[in-house]
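Trainee: Could you take me closely through the empty space in this model, and in particular through the largest pocket and what surrounds it?

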Amino acid sequence: MKITIKKAETLKNHPEDSGLGFGTFFTDHMFNMDYDPEKGWHNPRIEPYGPIEMDPSTMVLHYGQAIFEGLKAYKTESGKINLFRPQDNLKRLNNSGHMLCMPALDEEFVLEALLTLLDIEKDWVPGTAGTSLYIRPTIIATDPYIGLRSSNTYRFFIILSPVGAYYPEGFDPVKIWVTTEYVRAVRGGVGEAKTAGNYAASLFATELAQKDGYTQVMWLDGVELKYVEEVGSMNIFFLIGDELITPELNRSILSGITRDSVIKLTKSWDINVVERKISIDEIYDAHGNGKLKEVFGSGTAAVISPVGNIKFKGKEITIGDGGVGPLAAKLFSDLMDIQYGKADDPFNWIIPLSPMK
Ligand SMILES: *Cc1c(COP(=O)(O)O)cnc(C)c1O
């Protein structure tokens, strides 16, 4: 398939790197492609960034048949642009699509489309330490119809947003709040898919946590309300004794690419990494007998997010001295060094943007 390119007539002013924040600025162009059962995926095109006009009955607005991905492009010191494991994001997008009854994309073609879009928008990749260009591929159901079934037509698009450093004032631990009243996903549900409704479902408990002075919710499993699943929209790790434990993928946990990178890196450092069920009681017990050394989240946005405090059933514990542990700090800097091209890439995670013909 040939990608049609229509350039914007006027280009936007670029914001200052210091004022980027997250997710409020968008670049000049976007990628679009449509699906219908006769033509399959067709009309791939790069066009000026702009609104999508849709009928009020458009299915995605009513039944939430929407999936997305999140990855970043990083600028190296020499001005080159790196993508981090983009094939894994596209594979996961197709997995999410499968669970939401959406047609699969050709992953190789979409990677080529993304690289073409990035080549046009490369001046939008900010260069200040810790900043990046966030990439949001999305698929939405587009039939104008309000009966409940899966849509026959879809729109796939990619938008790009320059984002600031996640920790502009230093690498800072978060306080998390455990709930046994709300769950994010259940057995047999769509927790493993990056689908819109999962995030809508997480808002209420997150507001309660924030009202109580905590940043994020630690989600327990939706069946027994016992085993830890995730924190906010990050995966979670516990260093207990010299074992690094992360909840095993059970189909209600999102299979994070940062999670997988943490597992592979720490294994290569001969750390004993275990994927298994871990209950909130085990974590409190480990804290009680002095074995809980570190807790941290992992995800594309923050890379590593150290946890300083946990509150469960009214009882708050402090992890270590409440500061950043050495393993979290090393993972944070080593992963960033790979992403920003400052260190070797032993796992071949980086796809560099090479200039297009
Ligand atoms: C995206 C996401 C993650 C982290 O995945 P990464 O690939 O590491 O960015 C973890 N949990 C949830 C619920 C997510 O949506």
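Mentor: The lining of the largest pocket draws on both domains, with at least three residues coming from domain 1 (4-164) and at least three from domain 2 (174-339). Please keep in mind throughout that this is a predicted model. The space in this pocket amounts to about 870 Å³, and the elements that contribute two or more residues to its lining are β7 (132-141), α4 (196-200), α5 (203-211), β10 (216-220), α6 and β15 (292-299). In total 38 residues line the largest pocket, and those lying nearest its centre are Y199, G232, S233, M234 and A301. Sorted by class, that lining comprises 14 nonpolar, 17 polar and seven charged residues.

The ligand deserves its own account. There are 14 residues around the ligand, and the closest of them are K194, Y199, E230, T258 and T300; Y199 is thus named here as well as among the residues nearest the centre of the largest pocket. Two threonines make side-chain contacts with the ligand: an N or O atom in the side chain of T258 is 2.6 Å from an oxygen atom of the ligand, and for T300 a side-chain N or O atom likewise lies 2.6 Å from a ligand oxygen atom. The contact of S233 involves the backbone, where an N or O atom lies 3.5 Å from a nitrogen atom of the ligand. Of the 370 Å² that the ligand exposes when taken alone, the protein buries 95%.

The second largest pocket holds about 280 Å³ of space, and the elements that give two or more residues to its lining are α2 and α6. The largest share, six residues, comes from α2. Its lining consists of 13 residues, with D88, K91, R92, N95 and S255 nearest the centre, and by class these 13 residues divide into three nonpolar, four polar and six charged. Because domain 1 (4-164) and domain 2 (174-339) both give residues to this lining, the second largest pocket lies between them.

There is also enclosed space to consider, and a search of the whole structure finds one cavity of 30 Å³ or more. The volume of the largest cavity is about 70 Å³, and its lining is made up of G70, L71, K72, Y74, F84, N89, R92, I257, T258, T300 and Q339. Several of these names return from the earlier parts of this account: T258 and T300, which line the largest cavity, are also among the residues closest to the ligand, while R92, another lining residue of the cavity, is one of those nearest the centre of the second largest pocket.

As for the elements around the largest cavity, β5 (71-75), α2 (86-99) and α6 (257-268) each supply at least two residues of its lining, and β5 provides the largest share with three residues. By class, the lining of the largest cavity has four nonpolar, five polar and two charged residues. Here too both domains take part, since at least three lining residues of the largest cavity come from each of domain 1 (4-164) and domain 2 (174-339).

Notes. Residues are numbered from 1 along each chain as its sequence is written. This is a predicted model: local features need pLDDT of at least 70, side-chain atom pairs count only at pLDDT 80 or more; totals for chains, interfaces and linings use all residues. Side-chain values use heavy atoms; hydrogens and water are left out. On a 1 Å grid over the protein atoms alone, a cavity is a set of points where a 1.4 Å probe fits but cannot get out, and a pocket is an open set with protein on both sides within 12 Å along at least five of seven lines; lining residues have an atom within 4 Å of a point. Grid points are joined across faces, edges and corners, and a volume is the space filled by probe spheres set on the points. Helices (H or I, at least four residues) and strands (E, at least two) are DSSP runs, numbered from the N terminus. Ala, Val, Leu, Ile, Met, Phe, Trp, Tyr, Cys and Pro count as nonpolar, Asp, Glu, Lys and Arg as charged, and the others, Gly among them, as polar. Domain bounds come from an automatic or database domain assignment. A residue is near a molecule or strand if one of its heavy atoms lies within 4 Å of it. A polar contact is a pair of N or O atoms within 3.5 Å; within protein, one must be able to donate a hydrogen and the other to accept it, and residues adjacent in sequence count only if both atoms are side-chain atoms. Accessible areas come from the Shrake-Rupley method with a 1.4 Å probe; for residues, only the protein chains shown count as cover.
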